[in-house]
Amino acid sequence: MGREQGGRVEREQARQAWRDWIPALVTLGALAVVDEAGWFGADGSARLAWSLANVVPGLLIGRAFWRGLRRADEYQRVLQLEAMAIGFAVLLSGVFVAGLLDAAGTGDLRRSVQIAFVGSVAACVAALELRGRAR
Amino acid sequence: MRNRLREMRAARRWSQSDLADRLEVSRQTVNAIETGRHDPSLPLAFRIAKVFETSIEDLFFPD
(Lines give C-alpha, C1' and ligand atoms only; values in the text may rest on other atoms or scores of the structure.)
Protein backbone atom coordinates (compact mmCIF):
# COMPACT_ATOMS: atom_id res chain seq x y z
CA MET A 1 0.00 0.00 0.00
CA GLY A 2 1.42 3.40 -0.94
CA ARG A 3 1.55 6.46 1.23
CA GLU A 4 -2.02 7.55 1.79
CA GLN A 5 -3.29 11.08 1.69
CA GLY A 6 -4.64 12.58 4.91
CA GLY A 7 -8.36 12.23 5.49
CA ARG A 8 -11.03 14.89 5.56
CA VAL A 9 -10.49 15.52 9.29
CA GLU A 10 -6.75 16.17 8.81
CA ARG A 11 -7.26 18.49 5.84
CA GLU A 12 -9.71 20.62 7.81
CA GLN A 13 -7.39 20.61 10.85
CA ALA A 14 -4.44 21.72 8.71
CA ARG A 15 -6.48 24.55 7.18
CA GLN A 16 -7.56 25.82 10.59
CA ALA A 17 -4.07 25.43 12.05
CA TRP A 18 -2.62 27.66 9.31
CA ARG A 19 -5.35 30.21 10.01
CA ASP A 20 -4.37 30.25 13.72
CA TRP A 21 -0.59 30.15 13.37
CA ILE A 22 0.03 32.62 10.53
CA PRO A 23 -0.98 35.81 12.42
CA ALA A 24 0.95 34.65 15.51
CA LEU A 25 4.17 33.94 13.61
CA VAL A 26 3.93 37.04 11.40
CA THR A 27 3.46 39.26 14.48
CA LEU A 28 6.32 37.52 16.31
CA GLY A 29 8.65 37.87 13.31
CA ALA A 30 7.70 41.49 12.67
CA LEU A 31 8.28 42.46 16.31
CA ALA A 32 11.64 40.66 16.37
CA VAL A 33 12.73 42.61 13.26
CA VAL A 34 11.55 45.96 14.70
CA ASP A 35 13.29 45.21 18.02
CA GLU A 36 16.54 44.15 16.38
CA ALA A 37 16.62 46.98 13.85
CA GLY A 38 15.62 49.53 16.46
CA TRP A 39 12.94 51.02 14.20
CA PHE A 40 10.18 53.36 15.46
CA GLY A 41 12.05 54.05 18.69
CA ALA A 42 12.40 50.38 19.63
CA ASP A 43 15.91 50.97 20.97
CA GLY A 44 15.20 54.29 22.60
CA SER A 45 12.16 56.32 23.63
CA ALA A 46 9.52 53.63 22.95
CA ARG A 47 11.56 50.64 24.12
CA LEU A 48 9.13 49.71 26.90
CA ALA A 49 6.11 49.86 24.59
CA TRP A 50 7.79 47.69 21.93
CA SER A 51 8.92 45.19 24.54
CA LEU A 52 5.42 44.95 25.97
CA ALA A 53 4.05 44.52 22.44
CA ASN A 54 5.58 41.02 22.51
CA VAL A 55 2.64 40.03 24.71
CA VAL A 56 0.50 40.09 21.54
CA PRO A 57 2.31 37.29 19.66
CA GLY A 58 2.62 35.43 22.98
CA LEU A 59 -1.15 35.49 23.39
CA LEU A 60 -1.72 34.59 19.73
CA ILE A 61 0.61 31.60 20.07
CA GLY A 62 -1.16 30.55 23.26
CA ARG A 63 -4.48 30.83 21.43
CA ALA A 64 -3.15 28.76 18.50
CA PHE A 65 -1.98 26.02 20.89
CA TRP A 66 -5.30 26.05 22.74
CA ARG A 67 -7.40 25.87 19.56
CA GLY A 68 -5.10 23.12 18.23
CA LEU A 69 -5.73 21.08 21.37
CA ARG A 70 -9.49 21.61 21.09
CA ARG A 71 -9.49 20.44 17.46
CA ALA A 72 -7.22 17.43 18.01
CA ASP A 73 -8.49 13.90 18.41
CA GLU A 74 -7.27 11.78 21.32
CA TYR A 75 -3.97 10.60 19.79
CA GLN A 76 -3.09 14.01 18.36
CA ARG A 77 -3.81 15.56 21.77
CA VAL A 78 -1.23 13.25 23.38
CA LEU A 79 1.33 14.25 20.73
CA GLN A 80 0.56 17.95 21.19
CA LEU A 81 0.84 17.81 24.97
CA GLU A 82 4.18 15.99 24.72
CA ALA A 83 5.45 18.59 22.24
CA MET A 84 4.28 21.40 24.54
CA ALA A 85 6.13 19.78 27.45
CA ILE A 86 9.32 19.74 25.35
CA GLY A 87 8.76 23.39 24.35
CA PHE A 88 8.19 24.34 27.98
CA ALA A 89 11.42 22.60 29.05
CA VAL A 90 13.34 24.49 26.33
CA LEU A 91 11.78 27.79 27.46
CA LEU A 92 12.59 27.11 31.10
CA SER A 93 16.21 26.26 30.32
CA GLY A 94 16.54 29.20 27.94
CA VAL A 95 15.18 31.75 30.43
CA PHE A 96 17.36 30.25 33.18
CA VAL A 97 20.49 30.61 31.01
CA ALA A 98 19.43 34.12 29.90
CA GLY A 99 19.05 35.16 33.56
CA LEU A 100 22.46 33.78 34.48
CA LEU A 101 24.07 35.49 31.48
CA ASP A 102 22.44 38.78 32.47
CA ALA A 103 23.58 38.35 36.09
CA ALA A 104 27.11 37.81 34.80
CA GLY A 105 26.79 41.05 32.84
CA THR A 106 26.99 39.30 29.48
CA GLY A 107 24.57 39.66 26.58
CA ASP A 108 21.32 41.53 26.12
CA LEU A 109 18.56 40.14 28.34
CA ARG A 110 15.73 41.14 26.01
CA ARG A 111 17.40 39.43 23.06
CA SER A 112 18.23 36.30 25.09
CA VAL A 113 14.65 35.96 26.32
CA GLN A 114 13.34 36.46 22.79
CA ILE A 115 15.67 33.74 21.49
CA ALA A 116 14.54 31.42 24.30
CA PHE A 117 10.89 32.07 23.44
CA VAL A 118 11.29 31.59 19.68
CA GLY A 119 13.45 28.52 20.36
CA SER A 120 10.81 26.98 22.61
CA VAL A 121 8.09 27.45 19.99
CA ALA A 122 10.39 26.00 17.32
CA ALA A 123 11.24 23.02 19.56
CA CYS A 124 7.55 22.39 20.19
CA VAL A 125 6.66 22.52 16.48
CA ALA A 126 9.67 20.33 15.57
CA ALA A 127 8.75 17.73 18.22
CA LEU A 128 5.18 17.65 16.96
CA GLU A 129 6.31 17.18 13.36
CA LEU A 130 8.85 14.48 14.20
CA ARG A 131 6.49 12.49 16.44
CA GLY A 132 3.61 12.94 14.03
CA ARG A 133 5.61 11.62 11.10
CA ALA A 134 6.95 8.59 12.96
CA ARG A 135 5.46 5.52 11.25
CA MET B 1 -2.74 -4.41 23.37
CA ARG B 2 -3.03 -6.00 19.91
CA ASN B 3 -5.85 -5.49 17.43
CA ARG B 4 -7.26 -6.73 14.13
CA LEU B 5 -7.95 -3.29 12.74
CA ARG B 6 -5.67 -3.53 9.70
CA GLU B 7 -6.99 -6.98 8.82
CA MET B 8 -10.65 -5.94 9.10
CA ARG B 9 -10.05 -2.71 7.21
CA ALA B 10 -8.27 -4.58 4.42
CA ALA B 11 -11.15 -7.07 4.20
CA ARG B 12 -13.47 -4.15 3.42
CA ARG B 13 -10.94 -2.58 1.02
CA TRP B 14 -10.96 0.65 2.99
CA SER B 15 -7.94 2.91 3.12
CA GLN B 16 -6.81 4.37 6.42
CA SER B 17 -8.32 7.67 5.29
CA ASP B 18 -11.68 5.98 4.61
CA LEU B 19 -11.72 4.50 8.09
CA ALA B 20 -10.54 7.77 9.64
CA ASP B 21 -13.42 9.63 7.95
CA ARG B 22 -15.92 7.05 9.20
CA LEU B 23 -14.57 7.35 12.74
CA GLU B 24 -14.17 11.14 12.52
CA VAL B 25 -10.55 10.98 13.64
CA SER B 26 -7.31 11.70 11.79
CA ARG B 27 -5.58 9.13 9.58
CA GLN B 28 -2.60 9.58 11.91
CA THR B 29 -4.71 8.15 14.74
CA VAL B 30 -5.89 5.16 12.70
CA ASN B 31 -2.26 4.46 11.76
CA ALA B 32 -1.12 4.76 15.39
CA ILE B 33 -3.82 2.32 16.56
CA GLU B 34 -3.05 -0.18 13.78
CA THR B 35 0.66 -0.15 14.54
CA GLY B 36 0.09 -0.46 18.30
CA ARG B 37 1.53 2.96 19.14
CA HIS B 38 -1.75 4.11 20.63
CA ASP B 39 -4.47 2.29 22.53
CA PRO B 40 -7.82 3.93 21.79
CA SER B 41 -10.05 5.24 24.54
CA LEU B 42 -13.16 3.23 25.37
CA PRO B 43 -15.53 5.58 23.45
CA LEU B 44 -13.32 5.36 20.33
CA ALA B 45 -13.04 1.57 20.70
CA PHE B 46 -16.85 1.39 20.76
CA ARG B 47 -17.02 3.58 17.64
CA ILE B 48 -14.53 1.33 15.86
CA ALA B 49 -16.51 -1.74 16.83
CA LYS B 50 -19.70 -0.11 15.56
CA VAL B 51 -18.12 0.80 12.21
CA PHE B 52 -17.00 -2.81 11.74
CA GLU B 53 -20.31 -4.15 13.12
CA THR B 54 -18.55 -6.31 15.65
CA SER B 55 -17.69 -6.32 19.35
CA ILE B 56 -14.70 -4.74 21.05
CA GLU B 57 -13.52 -8.20 22.18
CA ASP B 58 -13.42 -9.27 18.57
CA LEU B 59 -11.18 -6.33 17.63
CA PHE B 60 -8.86 -5.85 20.58
CA PHE B 61 -7.10 -8.39 22.74
CA PRO B 62 -4.25 -8.35 25.28
CA ASP B 63 -0.65 -9.19 24.28
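These exercises work through a predicted model of two chains, A and B.

**Exercise 1. Confidence**

Task: State how confident the predictor is in each chain, and in which helices of chain A confidence is lowest and highest.

Solution:
- Step 1. Take chain A. Its mean pLDDT is 86, and 94% of its residues reach 70 or more.
- Step 2. Go down to its elements. H2(A) has the lowest confidence, at a mean of 82. H4(A) has the highest, at 95.
- Step 3. Take chain B. Here the mean pLDDT is 94, and 100% of the residues reach 70 or more.
- Step 4. Add the model scores. The ipTM is 0.89 and the pTM is 0.80.

**Exercise 2. Two architectures**

Task: Describe the elements, dimensions and burial of each chain.

Solution:
- Step 1. Count elements in chain A. There are five helices and zero strands. From the N terminus the order is α-α-α-α-α.
- Step 2. Count elements in chain B. There are five helices and two strands. The order is β-α-α-α-α-α-β, again from the N terminus.
- Step 3. Box the C-alpha atoms along the principal axes. Chain A fills roughly 60 × 30 × 25 Å. Chain B spans about 25 × 20 × 20 Å.
- Step 4. Test chain B against a compact globule. For 63 residues the expected radius of gyration is near 11 Å; chain B has 10 Å, so the two agree.
- Step 5. Compute burial. In chain A, 20% of the 135 residues are buried. In chain B, 32% of the 63 residues are buried.
- Step 6. Look at contacts between residues at least 6 apart in sequence. In chain A, 66% of them join residues at least 24 apart. In chain B, the share is 49%.

**Exercise 3. Helix H4 of chain A**

Task: Check the length of H4(A), then find what covers its buried residues.

Solution:
- Step 1. Work out the span. H4(A) has 30 residues and, at 1.5 Å a residue, should span 44 Å. The end C-alpha atoms are 43 Å apart, which agrees.
- Step 2. List buried positions. Among them are Tyr75(A), Gln76(A), Leu79(A), Gln80(A) and Ala83(A). Further along, Gly87(A), Val90(A), Gly94(A) and Ala98(A) are buried too.
- Step 3. Recall helix geometry. An α-helix has 3.6 residues a turn, so residues three or four places apart point the same way.
- Step 4. Find the cover. It includes H3 and H5 of chain A, together with H3 of chain B.
- Step 5. Look past the helix. Gly105(A) follows H4(A) and has a positive phi, near 75 degrees.

**Exercise 4. The interface and the core**

Task: Dissect the side of chain B that touches chain A, then locate the largest nonpolar core.

Solution:
- Step 1. Count the partners. 16 residues of chain B contact 14 residues of chain A.
- Step 2. Assign the chain B side to elements. Helix H2 (16-23) and helix H3 (27-34) of chain B each give two or more residues. H3(B) gives the largest share, five residues.
- Step 3. Sort this side by class. It has four nonpolar, nine polar and three charged residues.
- Step 4. Turn to the core. The largest nonpolar core has 22 residues. Ile61(A), Ala20(B), Leu23(B), Val25(B) and Val30(B) have the most contacts inside it.
- Step 5. Trace its suppliers. H1, H3, H4 and H5 of chain A, with H2 and H3 of chain B, each supply at least two residues.
- Step 6. Follow one core member. Beyond its sequence neighbours within four places, Val25(B) contacts Val9(A), Asp73(A), Ala20(B) and Val30(B).

**Exercise 5. Two residues compared**

Task: Are Asp21(B) and Phe40(A) buried, partly exposed or exposed?

Solution:
- Step 1. Place Asp21(B). It lies in helix H2 of chain B.
- Step 2. Classify Asp21(B). It has 18 other C-beta atoms within 10 Å, so it is partly exposed. Burial would need 20 or more.
- Step 3. List its contacts. Leaving out residues up to four places away in sequence, Asp21(B) touches Gly7(A), Arg8(A) and Val9(A).
- Step 4. Place Phe40(A). It sits in the loop between H1 and helix H2 (47-52) of chain A.
- Step 5. Classify Phe40(A). It has 12 other C-beta atoms within 10 Å and is therefore exposed.
- Step 6. List its contacts. With the same sequence exclusion, Phe40(A) touches Val34(A) and Ala46(A).
- Step 7. Take one distance. Phe40(A) and Ala64(A) are 24 residues apart along the chain, and their C-alpha atoms are separated by 28 Å.

Terms used. Residues numbered from 1 in each chain as written. Chains lettered and ligands numbered in written order. Predicted model: local features only at pLDDT ≥ 70, side-chain atom pairs only at ≥ 80, totals over all residues. Contact = placed C-beta atoms within 7 Å. Helix = DSSP H or I, 4+ residues; strand = E, 2+ residues; numbered from the N terminus. Nonpolar A, V, L, I, M, F, W, Y, C, P; charged D, E, K, R; others polar. Core = buried A, V, L, I, M, F, W, Y, C linked by C-beta atoms within 7 Å. Expected span 1.5 Å × (residues − 1). pLDDT = per-residue confidence, 0-100. Rg over C-alpha atoms; globule rule 2.2 N^0.38 Å.
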